[in-house]
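Here are my notes on the structure you sent. They are numbered so that each can be checked against the model in turn.

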Amino acid sequence: GFRRAVGVSAQRASARRELVAVWVIELDGLEYIATAFGLDVGDAVVRTWRKTMAANAPTLAVLGEVGAERIGVITVVGSAADARRQALALYRSLFEALGSVEGGVLPAIGIGVALSDAVGYDADALIEAAAAAATRASSGVASAVLLAEPS
């Protein structure tokens, strides 16, 4: 699964002193959408989300499930600014694609970014830090994309 892929990639990157970014993309409100607008709309939202993620994630990134309403991405980046820029671009493409789903309502989208220079190369630590930041981001108080705090 995704956790194992993160473990393998992080280990390789660590040996090469490369900067690893793990993003967790959380859609908040999928259950509400399915209940309020019907399963068809809910399914269309999820299909659009997955398709947009696959189309807009970095070329060599690995994608995987991180629980029901979350997709994880791991990639090597040049810098924290680079990771943030890529995550913002992904957010914008998701916002546009999901906004165009017929009859739908836009779920809250949150992207959490964990970087190995702040969190270390442990797969669990990277995924958990990114997931916690994604939850904060999707609650909409701060920003759509949040970097995880150094552990």
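1. A salt bridge here is a side-chain nitrogen of Lys or Arg within 4 Å of a carboxyl oxygen of Asp or Glu. D82 and R85 form such a bridge, with their closest N and O atoms 2.5 Å apart. Both residues belong to helix 4 (residues 80-99), where they sit three residues apart, about one turn of the helix. The two partners differ in exposure: D82 counts as buried at 17% relative accessibility, whereas R85 counts as exposed at 52%. The model is a predicted one, and this applies to every point below.

2. Next, the overall layout. The protein has six helices and five strands. Read from the N terminus, the elements follow the order α-β-α-α-β-β-α-β-α-α-β. The C-alpha trace spans about 50 × 30 × 25 Å along its principal axes.

3. How does the radius of gyration of the protein compare with that of a compact globule? A compact globule of 151 residues would have a radius of gyration near 15 Å, and the protein has 15 Å, so the two agree. Of the 151 residues, 46% count as buried. Among contacts with a separation of 6 or more, 71% are made by residues 24 or more positions apart.

4. How many salt bridges does the structure hold? The total is four, and the one within helix 4 has been described above. In general, side chains of opposite charge can pair when their charged atoms come close. Two further bridges are taken up in the next two points.

5. The side chains of D124 and R3 meet in a salt bridge, at 2.4 Å from N to O. D124 is in helix 6 (residues 123-138) and R3 is in helix 1 (residues 2-15), so this pair ties together parts that are 121 residues apart in sequence. D124 is partly exposed, with a relative accessible area of 35%. R3 is also partly exposed, with a value of 39%.

6. E65 and R50 meet through their side chains in another salt bridge, at 2.6 Å from N to O. Here a strand is joined to a helix: E65 lies in strand 2 (residues 62-65) and R50 in helix 3, so the pair ties together parts 15 residues apart in sequence. E65 counts as partly exposed at 41% relative accessibility. R50 is partly exposed as well, with a relative accessible area of 41%.

7. Helix 3 also has a helical partner. Helix 2 (residues 30-37) and helix 3 (residues 39-56) pack at an angle of about 145°, and their axes are 6 Å apart. On the helix 2 side, the residues that take part are L30, I33, A34 and F37; on the helix 3 side, they are L39, V41, G42, V45, V46 and W49. By class, this contact has nine nonpolar residues, one polar residue and no charged residues.

8. What kind of aromatic pair do Y32 and F37 form? Two aromatic pairs are counted in the structure. In the pair of Y32 and F37, the ring centres are 6.4 Å apart and the planes stand at 80°, so the pair is edge-to-face. The cut-off behind that label is an angle of over 60 degrees between the planes. Y32 is exposed, with a relative accessible area of 54%, while F37 counts as partly exposed at 37%. F37 is also one of the helix 2 residues that meet helix 3.

9. Is T52 buried or exposed? T52, which is placed in helix 3, is buried, with a relative accessible area of 8%. Leaving aside its neighbours within four places in sequence, T52 is in contact with L90, S93, L94 and A97. T52 and A97 are 45 residues apart in sequence, yet 7.0 Å apart in space from C-alpha to C-alpha.

10. The last point concerns a backbone angle. R17 has a positive phi of about 60°, although R17 is not a glycine. R17 lies in the loop between helix 1 and strand 1 (19-28). R17 is exposed, with a relative accessible area of 74%.

How values were computed. Residues numbered from 1 in each chain as written. Predicted model: local features only at pLDDT ≥ 70, side-chain atom pairs only at ≥ 80, totals over all residues. Heavy atoms only, no water. Axes fitted to C-alpha atoms, helices over the stretch in contact; angles between N-to-C directions. Helix = DSSP H or I, 4+ residues; strand = E, 2+ residues; numbered from the N terminus. Contact = heavy atoms within 4.5 Å. Nonpolar A, V, L, I, M, F, W, Y, C, P; charged D, E, K, R; others polar. Phe/Tyr/Trp six-rings, centres within 6.5 Å; stacked < 30°, edge-to-face > 60°. Buried < 20%, exposed > 50% of the residue type's maximum accessible area, 1.4 Å probe, protein only. Rg over C-alpha atoms; globule rule 2.2 N^0.38 Å.
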